[in-house]
Amino acid sequence: MNSVGEACTELKREYDQCFNRWFAEKFLKGESSGDPCGQLFKRYQLCVQKAIKEKDIPIEGLEFMGPSKGKTENSS
């Protein structure tokens with residue numbers, strides 16, 4: 001599957017490969033320490049954020065881009 005931004009597709013492929021390799025070779029065998037794909041994810045995330053802005057895709061109300069900065073009034 002391609003990324004939302006054409007320029008991000010290669011970064012997505014690299015991250016997916018890294019994550020899948022880590023998941024199969026480490027995590028499923030009980031080795032969950034470390035974050036070998038974190039830098040790839042950050043580069044991909046920045047690319048996607050830029051593509052969303054360039055394509056003027058409305059994302060208000062979505063929290064997939066990171067944790068919300070404030071708590072709702074129902075939060076404790």
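**Entry 1: the crossing of the two helices**

I began with the handedness of the crossing between α1 and α2, and in this predicted model I found that the crossing is left-handed. I then looked up where the two helices lie along the chain, and noted that α1 covers residues 9–25 while α2 covers residues 38–54. Their axes come within 9 Å and cross at roughly 150°. Since an angle over 145 degrees counts as roughly antiparallel, I wrote down that α1 and α2 are therefore roughly antiparallel to each other.

**Entry 2: who meets whom**

Which residues of α1 meet α2? On the α1 side I listed Leu11, Lys12, Glu14, Tyr15 and Cys18, and on the α2 side I listed Leu40, Phe41, Arg43, Tyr44 and Cys47. Sorted by class, this contact has 7 nonpolar residues, 3 charged residues and no polar ones. As a reminder to myself, an α-helix has 3.6 residues a turn, so residues three or four places apart point the same way.

**Entry 3: helix α2 by itself**

I checked the length of α2 against what its residue count predicts, and its 17 residues at 1.5 Å a residue should span 24 Å, which agrees with the 24 Å between its end C-alpha atoms. I next asked myself which residues of α2 are buried. They are Gly38, Leu40, Tyr44, Cys47, Val48, Ala51 and Ile52, and I noted that the buried residues of α2 pack against α1. After α2 comes Asp56, and there I wrote down a positive phi, near 55°.

I also looked at Gln39, which is found in α2. Is Gln39 buried or exposed? Its relative accessibility is 57%, and so Gln39 counts as exposed. Gln39 and Tyr15 are 24 residues apart in sequence, yet from C-alpha to C-alpha they are 9.0 Å apart in space.

**Entry 4: two residues of α1**

I went back to α1 for Lys12, whose place is in that helix. With a relative accessible area of 15%, Lys12 is buried, because buried here means under 20%. Leaving aside residues up to four places away in sequence, I found that Lys12 touches Met1, Asn2, Ser3 and Tyr44.

For Gln17, which is also found in α1, I noted a relative accessibility of 41%, so that Gln17 counts as partly exposed. I then compared its position with that of Cys37, which is 20 residues apart from Gln17 along the chain, and the C-alpha atoms of the two are separated by 9.3 Å.

**Entry 5: the start of the chain**

Because Met1 had turned up among the residues that Lys12 touches, I looked up Met1 as well. It is found in the segment before α1. Met1 is exposed, with a relative accessible area of 89%. Along the chain Met1 and Lys12 are 11 residues apart, and their C-alpha atoms are separated by 9.0 Å.

**Entry 6: the protein as a whole**

Finally I looked up the totals, and the secondary structure of the protein comes to 2 helices and 0 strands. Of the 76 residues in the protein, 21% are buried. I last asked what share of the contacts with a separation of 6 or more comes from residues 24 or more positions apart, and the figure I wrote down is 50%.

Technical notes. Residues numbered from 1 in each chain as written. Predicted model: local features only at pLDDT ≥ 70, side-chain atom pairs only at ≥ 80, totals over all residues. Heavy atoms only, no water. Axes fitted to C-alpha atoms, helices over the stretch in contact; angles between N-to-C directions. Helix = DSSP H or I, 4+ residues; strand = E, 2+ residues; numbered from the N terminus. Parallel < 35°, antiparallel > 145°, perpendicular 65-115°, else oblique. Left-handed = near helix turned anticlockwise from the far one by under 90°. Contact = heavy atoms within 4.5 Å. Nonpolar A, V, L, I, M, F, W, Y, C, P; charged D, E, K, R; others polar. Buried < 20%, exposed > 50% of the residue type's maximum accessible area, 1.4 Å probe, protein only. Expected span 1.5 Å × (residues − 1).
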